[in-house]
Amino acid sequence: MNYELVYQVVNLLALVAWLYLLLMYRRPETTTVLAGSVVAALCITYVVCLYQNLSPTDMQSFQTLAGLQSLQGSAGAVLTGWIHYLAFDLLAGLWMVGNAQQHAISRWQLSLCLVFTFMLGPVGVLLYFVVRWWRTGHYWSAHTAQ
């Protein structure tokens, strides 16, 4: 497997999906299909990388920080971890777009949260929770806006 090529392709796919989330905010049907398809492609790539780069004995390395650090010496393991980040950050962004539409959160506020999620993952999600709390009075709820 050419790790550099896979790295370039997954980054390009994620970037296209993030740009689509930012620019096509008001088209939930196509946004969900495109970004969801990219998330699915990243997940499939992750499973392939995981299969090729981690053995059952490597799973014990996740029990300690030193063990986890030892796995990061491999380009394949680093790529696998990177794809994990890309997939989950994009999934969080996709959720935020749908949730923001349900709660009438403005495009500029959502865009700020999406940019932070793209660049810093959990910081953007936290920012979205703050914005949602400020706009709706609750930061986490299964209920939609009335």
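## Overall architecture

Of the 146 residues in the chain, 33% count as buried. The model is a predicted one. Its secondary structure comprises six helices and zero strands, and the pattern read along the sequence is α-α-α-α-α-α.

The chain exposes about 9000 Å², of which carbon and sulfur atoms supply 69%. Where contacts join residues at least 6 apart in sequence, 67% of them link residues at least 24 apart.

## The nonpolar core

In soluble globular proteins, nonpolar side chains tend to be buried together. The largest nonpolar core here contains 27 residues, and those with the most contacts inside it are L21, L42, I83, L90, L110, L114 and Y128. Two or more residues are given to this core by each of α1, α2 (28–53), α4, α5 and α6 (122–136). Helix α4 supplies the largest share, nine residues.

L90 is one of the residues with the most contacts inside the core. Neighbours within four places in sequence aside, L90 is in contact with A17, W18, L21, A35, V38, V39 and L42. Two of these partners, L21 and L42, are themselves listed among the residues with the most contacts in the core.

## Helix α4 and its buried positions

Helix α4 spans residues 75–102 and includes T80. With a relative accessibility of 4%, T80 falls under the 20% limit and therefore counts as buried. A polar atom of the T80 side chain lies 2.7 Å from the backbone oxygen of G76. When neighbours within four places in sequence are left aside, the contacts of T80 are Y46, C49, L50 and N53.

A92 is also placed in helix α4. This residue counts as buried, its relative accessibility being 17%. Not counting residues up to four places away in sequence, A92 touches T117 and V125. A92 and G121 are separated by 29 residues in sequence, yet their C-alpha atoms are 8.3 Å apart in space.

## T117 in helix α5

The partner T117 belongs to helix α5. T117 has a relative accessibility of 0%, so this residue counts as buried. Residues up to four places away in sequence excluded, T117 touches W18, D89, A92, G93, M96, G124 and V125. V125 is thus touched by both A92 and T117. W18, for its part, is contacted by T117 and also by L90.

## The loop between α4 and α5

A104 is found in the loop between α4 and α5. Most residues other than glycine have a negative phi, and most peptide bonds are trans. A104, although not a glycine, has a positive phi of about 55°. At 51% relative accessibility, A104 lies over the 50% limit and for this reason counts as exposed.

S106 is in the loop between α4 and α5 as well. The side chain of S106 makes two listed polar contacts with other side chains: one of 3.3 Å with W108 and one of 3.0 Å with Q109. S106 and V131 are 25 residues apart in sequence, with a C-alpha to C-alpha distance of 9.8 Å.

## The nonpolar surface patch

A nonpolar patch of about 1000 Å² on the surface is made by L15, L19, L23, W108, L112, V115, F116, F118, M119, L120 and V123. The elements that give two or more residues to this patch are α1 (3–23) and α5 (107–120). Of these, α5 gives the most, with seven residues. W108, a member of the patch, is also the residue whose side chain is joined to that of S106 by a polar contact.

Two members of the patch illustrate its accessibility. L120, in helix α5, is partly exposed at a relative accessible area of 47%. L15, in helix α1, is likewise partly exposed, with 35%. Both values are over the 30% required for patch membership, which is why these residues can be included. L15 and the core residue L90 are 75 residues apart in sequence, while their C-alpha atoms are 9.5 Å apart in space.

Notes
Residues are numbered from 1 along each chain as its sequence is written. This is a predicted model: local features need pLDDT of at least 70, side-chain atom pairs count only at pLDDT 80 or more; totals for chains, interfaces and linings use all residues. Side-chain values use heavy atoms; hydrogens and water are left out. Patches are made of residues with over 30% relative accessible area and no salt bridge: like charges are joined within 9 Å, nonpolar side chains (Val, Leu, Ile, Met, Phe, Trp, Tyr) within 5 Å. Accessible areas come from the Shrake-Rupley method with a 1.4 Å probe; for residues, only the protein chains shown count as cover. A salt bridge is a side-chain nitrogen of Lys or Arg within 4 Å of a carboxyl oxygen of Asp or Glu. Helices (H or I, at least four residues) and strands (E, at least two) are DSSP runs, numbered from the N terminus. Buried means under 20% relative accessible area, exposed over 50%, partly exposed in between (1.4 Å probe, protein chains only). A polar contact is a pair of N or O atoms within 3.5 Å; within protein, one must be able to donate a hydrogen and the other to accept it, and residues adjacent in sequence count only if both atoms are side-chain atoms. Contact means heavy atoms within 4.5 Å. A nonpolar core is a set of buried Ala, Val, Leu, Ile, Met, Phe, Trp, Tyr and Cys residues joined through side-chain atoms within 4.5 Å.
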